[in-house]
Amino acid sequence: MSTGPTGTSTPRAGAGEERIAAAFRDHEGAAALMPYIMGGYPDPSVSRDIAKAYVDGGADLVELGVPYSDPLADGPVVHAAGTDALNAGVTVDDVFELGEQLAADVPVVLMTYANIVLRPGIEAFAARMRDAGFSGLIVPDLPIGEDSADVVAACDAAGIAFVPLVAPSTTEARVAEVRSAARGFLYAVSVTGTTGERASLSDQFEEVIRRAKTAGAGDGAAADVPVGLGFGIANGEHAAQAAAAGADGVIVGSRLVRAAGEDDPVAAVSAVMADLASGLGR
Amino acid sequence: MSTAHRPEIGSERRFGPYGGRYVPESLLPALDELEAVWSELRDDPAFKNEFRGLLRDYVGRPSPLYLARRMSERAGREVWLKREDLNHTGAHKINNALGQCLIAKRMGKPRIIAETGAGQHGVATATAAALLDLECVIYMGVEDIRRQMPNVQRMRLLGTTVQPVESGARTLKEAVSQAFRDWVGSVGDTHYVMGTAAGAAPFPAIVRDLQRIIGDEAREQILEQAGRLPDRVVACVGGGSNAIGIFTAFLDDPVALVGVEAGGHGILSGSHGAVLASGVDAGVLHGSYGPVMQDAQGQILEAHSVSAGLDYPGVGPQHAWLRDSGRATYVPVDDDDAVRAFREVARLEGIIPALESSHALHHVLHVPAPEVEVDLVCLSGRGDKDLAEALAKLEEIDGAAALAADDGEPTVVPTAIGSDPEADEDGDGPQGAEEVR
Ligand SMILES: Cc1ncc(COP(=O)(O)O)c(C=O)c1O
């Protein structure tokens, strides 16, 4: 891999990876702010307003979740929101529509389970993401080196960054392997567990960030892969801790999804975003 | 044919295109460990001794092979029943639960979790946990808790925590999902005792290895007792553990293999669990790629079966491969037929079969198979757990006469080894629906 004049390596996933790289480079404050939205929750129209509130609140990148029947990596809040959205009739099409509008303002990284991606065929799915203007894809049940090769290749071809995850239980050698396959950024999971708010960050989170930042770093493309920390970050204080420990971005899911379920969702998510932004020194 | 289904080559991750490990990253180390530990333990003499010893003295193996005479008469061929219903805890599930709990012990994991549908795997796991002093949590859908209350009470009595699962249709699929979620967080000290030959690798291979004793015994027994191999082996298929357990010993024999799936309200209704027979597309469910009931967008659909243990929208990857490769065939039997077979076998043989097994029994009793002279059927479990559900369903079908002595089934034509028709008329069972209320 060659290294560009700015010190960043040449993207393998084209336009999507470039846009994500810019988001990590150009943000204000201590780290990129990366809120998660459950697409279509509580309903498609309010979901659009929530997305807008994320953008107004300083989101550098939005992780867009697809409601799914069997979300194995999600805790109760995200699971319930997805179920509500499904029950309300929200479809994958609705989520693409939301994402397409959102992508005009911020890079959109779609987060969805493997079966949603495989159902239409990965080529078709990747092309659809490209056409909608998405930048990346996260598939929590498609670990690198297992059955992901076709998906990564199709994403590369479509200019979509395939963002893999590492967990606290991931060995140093394995982190290096996953890191070298990462496009856009490496998603570091702060806890051994599903998504969900925690009262405090786990005692493993600094070690997770350290590994994600350093394991196998130094060889080519892997050298500058940004690290986003997610799962369990619920407030400005957590965000500040994550940034201080070296995270390049903080991903906030359940806390915001919970806010999206409140009586005045836009006000509620805006307040959470303001707290997160201030935690990041903005 | 590929050799991928042969157990001798280790814990396969794929069977043809099916299987794999579609799981969150945090579970990969645990799956690696399980695979490594099992590849050693499966040939470890001390482990084998301990496992075999418990199967013999605690479970009561070998389970008998029984020539069901009156069923044979009705079917017009020999019907041999492999009596897994006589195992301790009443089903084949104990073979796997005990084996996996022993593996958990060897891995030093003090806590086990499992899903259950019919409650049989839950009871088996709770039993093994009590025996081996492991902490145990069982996930069970609220709908199944309702359908299988006696098993819930058993698990609690055994010291297990039964964790109700409220999501989705509140049945087996959701219970598996919830067990996976627990495991994603608890993997450091917890082993997930997957109850069927499905899920992420290496579970389908491990469960098969632990259940193959059914077929290994049955093959020896039928050679001894009938003096020949069966023409056909029939078993019900939920996720596929009892079926793969009995099929494995016969894979290289000239013996037909038939898996019977839940036809529910009929395949055309869409309300069933006949994943293989209906020919649904492949997708990912619970860490494994294989045929799965799903909608056009990739959302997993709910299965339906009158029997909680067959109420699953996916199936084990090895069965999918056995189907594609032509080695086994899979057929549906619907709810009403299964429930009638439940009653019929009770009256013919004095054996109350599990509703799951009743699907296989209906197929053997009522689907013509002129080329078959000798049938071997896996009677995977006993039906005590199903009484309330099955009797209610029978009343729905047949009205108040559901338990009348004459159930409308054809009378058995007396033969040399036949029955006494008069004794039959004199009433071998409750005389009216009122009696059982
Ligand atoms: C008695 C009995 N038979 C069959 C099954 C179906 O499972 P499998 O297909 O794994 O054998 C169950 C599941 O609960 C069961 O309890």
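**Close-up 1. Strands β5 and β6 of chain B run parallel, joined by six bridges.** In this predicted model, β5(B) covers residues 111-116 and its partner β6(B) covers residues 135-141. If you would like one pair to look for, Thr116(B) has Met140(B) in β6(B) as its bridge partner.

**Close-up 2. Here is the whole open sheet of chain B, four strands in the order β7-β6-β5-β8.** The pairing is parallel. At the edges stand β7 (161-165) and β8 (190-192) of chain B; each has a single partner strand, so one side of each is left without a neighbour in the sheet. On average, neighbouring strands are turned by 25 degrees against each other, direction ignored. Helix α8(B) packs on this sheet and touches β5, β6, β7 and β8 of chain B. The direction of α8(B) makes about 160 degrees with that of β5(B).

**Close-up 3. Chain B meets chain A in a contact of 32 residues from chain B and 34 residues from chain A.** The area buried between the two chains is about 2,700 Å², with carbon and sulfur atoms giving 49% of it. On the chain B side, Glu25(B), Arg181(B) and Gln297(B) lose the most area to chain A, together 27% of what that side buries.

**Close-up 4. Five salt bridges link chain B and chain A.** One to zoom in on is Lys173(B) with Asp70(A), where the closest N and O atoms are 2.7 Å apart. Across the interface there are also 20 residue pairs in polar contact. Elements giving two or more residues to the chain B side are α1 (28-41), α8 (172-186) and β11 (282-285); the largest share, seven residues, comes from α8(B). That side divides into twelve nonpolar, eleven polar and nine charged residues.

Methods. Residues are numbered from 1 along each chain as its sequence is written. Chains are lettered from A and ligands numbered from 1 in the order in which they are written. This is a predicted model: local features need pLDDT of at least 70, side-chain atom pairs count only at pLDDT 80 or more; totals for chains, interfaces and linings use all residues. Side-chain values use heavy atoms; hydrogens and water are left out. Contact means heavy atoms within 4.5 Å. Buried area is the accessible area (1.4 Å probe) that two parts lose on being put together, summed over both. A salt bridge is a side-chain nitrogen of Lys or Arg within 4 Å of a carboxyl oxygen of Asp or Glu. A polar contact is a pair of N or O atoms within 3.5 Å; within protein, one must be able to donate a hydrogen and the other to accept it, and residues adjacent in sequence count only if both atoms are side-chain atoms. Ala, Val, Leu, Ile, Met, Phe, Trp, Tyr, Cys and Pro count as nonpolar, Asp, Glu, Lys and Arg as charged, and the others, Gly among them, as polar. Two strands pair if DSSP finds at least two bridges between them. Axes are lines fitted to C-alpha atoms, for helices over the stretch in contact, and angles run from 0 to 180 degrees between N-to-C directions.
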